[in-house]
Amino acid sequence: MTKFAIGVDLGGTYTKLALIDTSGRISRRAKLSTTAYKTRGELVSAIVSEVKAVLEKTHLSPNALLGVGIGVPGLVDFDRGLVYTLTNVPGWKNTPLKGILEAKLKVPVLVDNDVNVMTLGECRFGAGKGAKNLVCITLGTGVGGGIMIDGRLYRGCTFSAGEVGHMPLKEEGLSCNCGGYGCLERYVGNRYIVEEIRGKIRGGSPTAIKGLVNGDLSAITPEVISKAALKGDRLSIDFWNTVGKRIGVTLAGIVNLLNPERIIIGGGVAEAGEPLFKSIRKTVHERALPVPKKAVKILKARLGNEAGVIGAAALFFNPKG
Ligand SMILES: [Zn+2]
């Protein structure tokens, strides 16, 4: 019998659900607006109703459902299914989410951090398929990471492993919102890189970017900078070289430390594509040790917006957890 799990991707803006089979196929989806619910209790009730609705519509036999996996944007005690805090979703401090959902749904529930869940999804069904040792990083407003060692997620002793964005890049550096300074995120986070290039344009650097956004510098995104780079715009090419170098230096350290088979890069900034990846690969090649650097492949994430729901369901598909 084909087995299924429901994956829930609880995000700051939307909460997405999907019914997924053990080969990663999505057969049903639902989407809620996270911000439409005023309290934690209301959002949990809405998730419970959606899960029940999916099960009713699909007439799934109860023993075909392995459970409900849920990925959340924050720090989670995976063993207890306890959410410590969520970033950008207020009112979730110390929520025993696994216990609450299991009592209401009467099926097994697993709760994990969203980047861990994405890592698991990419490893089972995306760019990491077939690999047992990999590191996944997300380049967005924040920079996150997940680590798989021998086919298992490595969560660390307090479930906070994988914070690639807060690996110090500079001994002395700009202060970061984590309380530290010189962190990678402070130099490659979406907002910071867009600010940095705006500064260069305002300072008079000639560039094709201005034309691409019709002079509206607030419309600059990583994709725009990439488009300009692909057209041969000097400022944009140099800029991606610099950003890729910062990421590559950090990844060279990760390659030397963990010897992964693959490094998978996702998130909005990864949409910059080849101009960025070329610079990252070049830097890793220049800076990492000869043996591990030959073994590692640096790839773009493949599951895109589906990574959250697929990975959350995959919490039930991974025999070793
Ligand atoms: Zn930091």
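A salt bridge is here a side-chain nitrogen of Lys or Arg within 4 Å of a carboxyl oxygen of Asp or Glu. I kept that definition in front of me for the first entries, bearing in mind throughout that this is a predicted model.

**Entry 1: charged pairs**

By that rule I arrive at 10 salt bridges, and I looked up three pairs. I began in helix H9, where Glu286 and Lys282 both lie, 4 residues apart, about one turn of the helix. Their closest N and O atoms are 3.3 Å apart, and the two residues form a salt bridge. Lys282 counts as exposed, because its relative accessibility is 52%.

I then turned to Asp112 and Arg155, which form a salt bridge with their closest N and O atoms 2.8 Å apart. Asp112 lies in strand S7 (residues 109–113) and Arg155 in the loop between S10 and H4, so this pair ties together parts that are 43 residues apart in sequence. Are the two partners buried or exposed? Asp112 counts as buried at 2% relative accessibility, and Arg155 counts as buried at 11%.

The third pair I noted is Glu271 with Lys300, a salt bridge whose closest N and O atoms are 3.5 Å apart. Glu271 sits in the loop between S11 and H9, while Lys300 belongs to strand S12 (residues 297–300), so the pair ties together parts that are 29 residues apart in sequence. At 41% relative accessibility Glu271 counts as partly exposed, and Lys300 counts as partly exposed at 35%.

As a reminder to myself, side chains of opposite charge can pair when their charged atoms come close.

**Entry 2: the zinc site**

Which atoms coordinate the zinc ion? I find ND1 of His166 together with the SG atoms of Cys176, Cys178 and Cys183, at 2.0 to 2.4 Å. I checked the geometry next: the 4 donor atoms around the zinc ion subtend angles of 104 to 119°, and therefore the arrangement is tetrahedral, the cut-off being that all angles lie between 85 and 135 degrees.

In sequence the spacing of the donor residues is H-x9-C-x1-C-x4-C. His166 and Cys178 lie in the loop between strand S10 (152–153) and helix H4 (185–188), so the pair ties together parts that are 12 residues apart in sequence. I also looked up how open these two donor residues are: His166 is partly exposed, with a relative accessible area of 24%, and Cys178 counts as partly exposed at 43% relative accessibility.

**Entry 3: the nonpolar core and a surface patch**

The largest nonpolar core has 41 residues, of which Leu139, Ile220, Trp240, Ile247, Leu251, Ile265 and Leu276 touch the most other members. Two or more core residues come from each of strand S8 (134–139), H4, helix H5 (190–202), helix H7 (222–230), H8, strand S11 (262–266) and helix H9 (274–287). Which element gives the largest share of this core? I find that H8 does, with 9 residues.

On the surface I recorded a nonpolar patch formed by Ile149, Tyr154, Leu257 and Leu258, with about 380 Å² of accessible area together. Leu257 lies in helix H8 (residues 234–258), and because its relative accessible area is 69%, Leu257 is exposed.

**Entry 4: backbone angles**

Most residues other than glycine have a negative phi, and most peptide bonds are trans. Against that background I noted two asparagines. Phi of Asn94 is near 50°, a positive value in a residue other than glycine. Asn94 lies in the loop between S6 and helix H2 (97–105) and counts as partly exposed at 45% relative accessibility.

Phi of Asn214 is near 50° and thus positive in a residue other than glycine. I located Asn214 in the loop between helix H6 (209–212) and H7, where, at 73% relative accessibility, Asn214 counts as exposed.

**Entry 5: a distance**

How far from Gly173 is Tyr84 in space, C-alpha to C-alpha? I read 29 Å for these two residues, which are 89 residues apart in sequence. Tyr84 has its place in strand S6 (residues 82–86), and at 26% relative accessibility Tyr84 counts as partly exposed.

Conventions: Residues numbered from 1 in each chain as written. Predicted model: local features only at pLDDT ≥ 70, side-chain atom pairs only at ≥ 80, totals over all residues. Heavy atoms only, no water. Donors = N, O, S within 2.8 Å, 3.2 Å for Na, K, Ca; no water. Tetrahedral: all angles 85-135°; square planar, octahedral: opposite > 155°, others 65-115°. Buried < 20%, exposed > 50% of the residue type's maximum accessible area, 1.4 Å probe, protein only. Patch = residues over 30% accessible without salt bridge, like charges linked within 9 Å, V, L, I, M, F, W, Y side chains within 5 Å. Areas by Shrake-Rupley, 256 points an atom, 1.4 Å probe, with all protein chains shown as cover. Core = buried A, V, L, I, M, F, W, Y, C linked by side-chain atoms within 4.5 Å.
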